[in-house]
4 protein chains.
Amino acid sequence: MDKFYILTNSMKDRDLKVTGQIREYLDANGKEAIVRTEPLADGAALPEDVQCMIVLGGDGTMIQAARAAVEQEIPLLGVNLGTLGYLTEVEQKSLIPSLKLLLDGNYEIEERMMLRGSVYHGTHKAGSDLALNDIAINRTGSLRILSYHIYVNGSFLNSYSADGIIVSTPTGSTGYSLSAGGPIVDPKASLIMITPICPHTLNTRSIILSANDEITIELGEGRKRDEEAAEAAFDGENPIHIVTGDRIVIHQALRKTKIVKLSKRSFLEVLRRKMGADQPGR
Amino acid sequence: MDKFYILTNSMKDRDLKVTGQIREYLDANGKEAIVRTEPLADGAALPEDVQCMIVLGGDGTMIQAARAAVEQEIPLLGVNLGTLGYLTEVEQKSLIPSLKLLLDGNYEIEERMMLRGSVYHGTHKAGSDLALNDIAINRTGSLRILSYHIYVNGSFLNSYSADGIIVSTPTGSTGYSLSAGGPIVDPKASLIMITPICPHTLNTRSIILSANDEITIELGEGRKRDEEAAEAAFDGENPIHIVTGDRIVIHQALRKTKIVKLSKRSFLEVLRRKMGADQPGR
Amino acid sequence: MDKFYILTNSMKDRDLKVTGQIREYLDANGKEAIVRTEPLADGAALPEDVQCMIVLGGDGTMIQAARAAVEQEIPLLGVNLGTLGYLTEVEQKSLIPSLKLLLDGNYEIEERMMLRGSVYHGTHKAGSDLALNDIAINRTGSLRILSYHIYVNGSFLNSYSADGIIVSTPTGSTGYSLSAGGPIVDPKASLIMITPICPHTLNTRSIILSANDEITIELGEGRKRDEEAAEAAFDGENPIHIVTGDRIVIHQALRKTKIVKLSKRSFLEVLRRKMGADQPGR
Amino acid sequence: MDKFYILTNSMKDRDLKVTGQIREYLDANGKEAIVRTEPLADGAALPEDVQCMIVLGGDGTMIQAARAAVEQEIPLLGVNLGTLGYLTEVEQKSLIPSLKLLLDGNYEIEERMMLRGSVYHGTHKAGSDLALNDIAINRTGSLRILSYHIYVNGSFLNSYSADGIIVSTPTGSTGYSLSAGGPIVDPKASLIMITPICPHTLNTRSIILSANDEITIELGEGRKRDEEAAEAAFDGENPIHIVTGDRIVIHQALRKTKIVKLSKRSFLEVLRRKMGADQPGR
């Protein structure tokens, strides 16, 4: 690796101190580094020959970076500047030894599946986007109940009257899906998970499907048979507006996010440390 | 009882057939009856000397009626025109015998506690309203995480990063609270219940307090320490806009909703019939 | 208060150091103190004129003490020798100042409702006991599904195929009921809660009733219409054997447990501290 | 297919009427059929050259058959004699047309992963068995809390104080795992799921791992540091006794259960029909 792109969340590295340390280290080792301190909406701004993106921030910054980097399949190395994260690999205190491992080639690449969601208004494709964590269809505006019709590989599964529906990857299991009551999934597992948000039924369980299944969600009519509106959000961002009758078709994306792993620290270890704080018990 | 007010959900009694039957029966028995087929926003339109409101529709119509009738403490008799309800007492097929029981005085009045919520912007009281089911504080607009600080009788209890917070009565336990994972409560129990909506923690349990406790919810700052906006909805309606720093103070209302009970059919029987359909099991 | 009874969990005060400190302090202030370091099965061993029981251990020791002390309505002061407890009032580091408050009369008495459960084999009363936390009906022996029929005030509510059923007080909401998915209840609330253990249905919600309701649980037949056996445990102890057809009738006990409160530290503060550790979140 | 084995649950086909219909049809078509009406503990009683096992009963009978048939990899065709099942393919009313499809070769074979669990007492292997649904480690005898230490691929994950631990396959997601709060999994997904039973913590979520992960569960000490005893059950049967310090090592079994699929009716359709009854809602 010779050309690096440093993406910094400037809310978390306010004086760019850590960013500076990384740039200096790369300079001293004859590597090229481009620094960006503004959010990266997509991959258009990325030079073509970048070989590794170093991301400073938290899991949120990593998720944004993943969406930008996926087209060119640039591996991401996360440097954690906040609370313990699932996606960030390097803690600040071990920054320089970690960079040394990276430059020495002592790393592995872990692949994470992503979702592609395409919104159809009749036969017109109204939009399409990627998500590393989840695609959530949700009301906009004031509180009210929407109805969602779910199909799997073209067969009707179920209708929910609910606040919304989350479709998530294994990586996304610790995100919004967890808040809605979903299980915890090792990112090495291969699956797609559907979790209703506040469904108006006693059945609130997540439904877990094969990674190869295709899920279609159709927005139903309102309570008074009128047209309703909602939003499909991709990793909580880039919302696409949908109305009654629109469908969003979700399946595994062609490309995967590549994450640089320097240590043996696994998802399960991070999970254990997070659960370790969770023993209020009886 | 000599003077009746008939409130009809005209979506459910489209040709006013049931409404007409009731009016005829009351006429034939020398009773006065006023019919309204428009939603009733509050009690202003109600004549002062109404002694009983007959409500045609479902639980939703009953909840609206409750908010209008509470000031004058008018008892409500619900006639169910939809699926089995918790609040409606009379099924269509037993309409006339039920009206006979009512006119003969063969009924009891069941009281249901209500909540009063008052929104404060600093020391300014920005609004106040009643709820029979619940007061829900919820984001408006696109999906994003809000923070809520909860106080009970002035003491700090907990902060939630969540989509929202529901404070509900026993009557409201089968409403939005159930969707958010809360327990089922017999309306004769005396308590107030707090249930977070999609909290970003593994702790999603409802917290149940005494009916006399006072709950304060303060809207916190956004993720980037900016001002956030949300809405407090009363039984899902009449939203009051709130911003970061605003507080909503919730306690038992002075007045209770009065519901006419003609039969021995109890909440538990309705619950049992609803749960009876719920045996997918293993 | 002049006559004290010190009940020590000798697993937690192994060299009786804390027990000794308390006895010395009471001696020095001219008070009488009886020490017991063996578990107390019931109130038979308690002298009649004891005015306060000081309990050294954790919440488990307090629960045992409560069952023994309730007949004579002796107030309990808990000294915590383990992790933060809901029932123990005094931490070791503030032991002497707390005893001073007690002897000076600077305390309040908090009452906690208890449950009485009576087991009937036909019309024969096979046994009866008290619980401060919960009465749990549960299989004995190997894993298998039992059926339980629930009645409230004599009316049938529901049948569960389940591992067991927990009936709990507000105090018990942080015990076995919490493990089975139940909500958290302020002990000042007035209610009885039913929570199924691993029911074979998607409906796992707790059902909350008035404190005055009477709950009857009947053990059903086994899968092959044979006789089944189970156990009713009172605060996890003193099991009474039951077989198919036996009923256990549960209602609020006549007497309440009296707990000495020296500080303003409330249930909600303990809850907050326990929840404070519980923010793994997203 | 020329040689069939008919395994009948004689509780459900009491006069062997359906069994007789099947035998007659096979006879009339020149096929050999052996009938067994006693439970089949393992595969020892099965003739070597059986090409298909027809199983009459419910999902429970199918699970028992699966454990017996797996060694010889005999495909199973389930005939449902009870409520709608996930594993039984044929309804009674379409029995003869279904058998015709089978004899005409109009079927597919669906493979289901199984688990192998081996119990170690120190280095001694105390027992080993297979499960199609789940391996559950559970207390025996009276209610009390056990501690379980969980390792994944040799790394410590978490300890639970709980009634027990369920490790399940996708097929098992609609069994005991569902009762304990786990999600619903399409059997075509590839994963292993861990669900604690009544854990004494607010964290009750299932943990989902790759199908290739190896899970070790060690039984911990009792509350008083004494030796505890429990049982590992395989699909709810064939319990192996374990004591404190014993470990059970669980991984995907080498062989899979083969299920004959005659129709397009999928897991999702059965799930939908079961969920269809589950709309008590609000």
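**Entry 1: the axis**

I looked up which residue of chain B comes closest to the rotation axis, and found B:Gly141, with its C-alpha at 2.3 Å. The model is a predicted one, and I keep that in mind for every value below. I then looked at how the two copies fit. A turn of 180° with a shift of 0.0 Å along the axis lays chain B on chain A, with an RMSD of 0.0 Å. That is the relation of a two-fold axis. I also compared the contact residues: 100% of those of chain B recur in chain A, so the same surface serves both copies.

**Entry 2: chain A against chain D**

I turned to the contact of chain A with chain D. How many residues does each chain give? I noted 37 residues from chain A and 37 residues from chain D. Between them the two chains bury about 3,300 Å², and 57% of this lies on carbon and sulfur atoms. I searched this interface for salt bridges and the rule finds zero. Polar contacts do turn up there: I noted 16 residue pairs, both residues at pLDDT 80 or more. Next I listed the elements of chain A that give two or more residues to the side touching chain D. They are strand 11 (155-162), strand 13 (184-185), strand 15 (207-210) and helix 5 (267-276).

**Entry 3: salt bridges**

I took the total over all chains, which is 40 salt bridges. I then went through a few of them.

In chain B, the side chains of B:Asp2 and B:Lys31 meet at 3.0 Å, N to O. These two residues are 29 residues apart and link distant parts of the chain. B:Asp2 sits in the segment before strand 1 (3-8), and B:Lys31 in the loop between helix 1 (17-28) and strand 2 (32-36). Is each partner buried or exposed? B:Asp2 is partly exposed, because its relative accessible area is 45%. B:Lys31 has a relative accessible area of 18%, so I put it down as buried, the limit being under 20%.

In chain D, I found D:Asp49 paired with D:Lys3, the closest N and O atoms being 2.8 Å apart. Here too the pair links distant parts of the chain, 46 residues apart. D:Lys3 belongs to strand 1 (residues 3-8), while D:Asp49 lies in the loop between strand 2 (32-36) and strand 3 (52-57). D:Asp49 counts as partly exposed because its relative accessibility is 43%. D:Lys3 is at 12%, so it counts as buried.

In chain A, I noted a network of salt bridges that links A:Lys3, A:Glu32 and A:Asp49. I also checked A:Asp186, which forms a salt bridge with A:Lys188; their closest N and O atoms are 3.7 Å apart. A:Asp186 has 2% relative accessibility and so counts as buried.

**Entry 4: an annotated residue**

Last, I looked up A:Asp59. UniProt, in an unreviewed entry, places the feature "active site" at this residue. Where is A:Asp59 in the fold of chain A? I found A:Asp59 in helix 2 (residues 59-69). A:Asp59 counts as partly exposed because its relative accessibility is 22%, and the range for that label starts where buried, under 20%, ends. Which residues does A:Asp59 touch, leaving aside neighbours within four places in sequence? I wrote down A:Gly85, A:Tyr86, A:Leu87 and A:Thr88.

Methods
Residues are numbered from 1 along each chain as its sequence is written. Chains are lettered from A and ligands numbered from 1 in the order in which they are written. This is a predicted model: local features need pLDDT of at least 70, side-chain atom pairs count only at pLDDT 80 or more; totals for chains, interfaces and linings use all residues. Side-chain values use heavy atoms; hydrogens and water are left out. A salt bridge is a side-chain nitrogen of Lys or Arg within 4 Å of a carboxyl oxygen of Asp or Glu. Buried means under 20% relative accessible area, exposed over 50%, partly exposed in between (1.4 Å probe, protein chains only). Helices (H or I, at least four residues) and strands (E, at least two) are DSSP runs, numbered from the N terminus. Copies are superposed by least squares on the C-alpha atoms of residues with pLDDT of at least 70 in both. Contact means heavy atoms within 4.5 Å. UniProt positions are given in the numbering used here, feature names are shortened, and annotations may be inferred rather than shown by experiment. Buried area is the accessible area (1.4 Å probe) that two parts lose on being put together, summed over both. A polar contact is a pair of N or O atoms within 3.5 Å; within protein, one must be able to donate a hydrogen and the other to accept it, and residues adjacent in sequence count only if both atoms are side-chain atoms.
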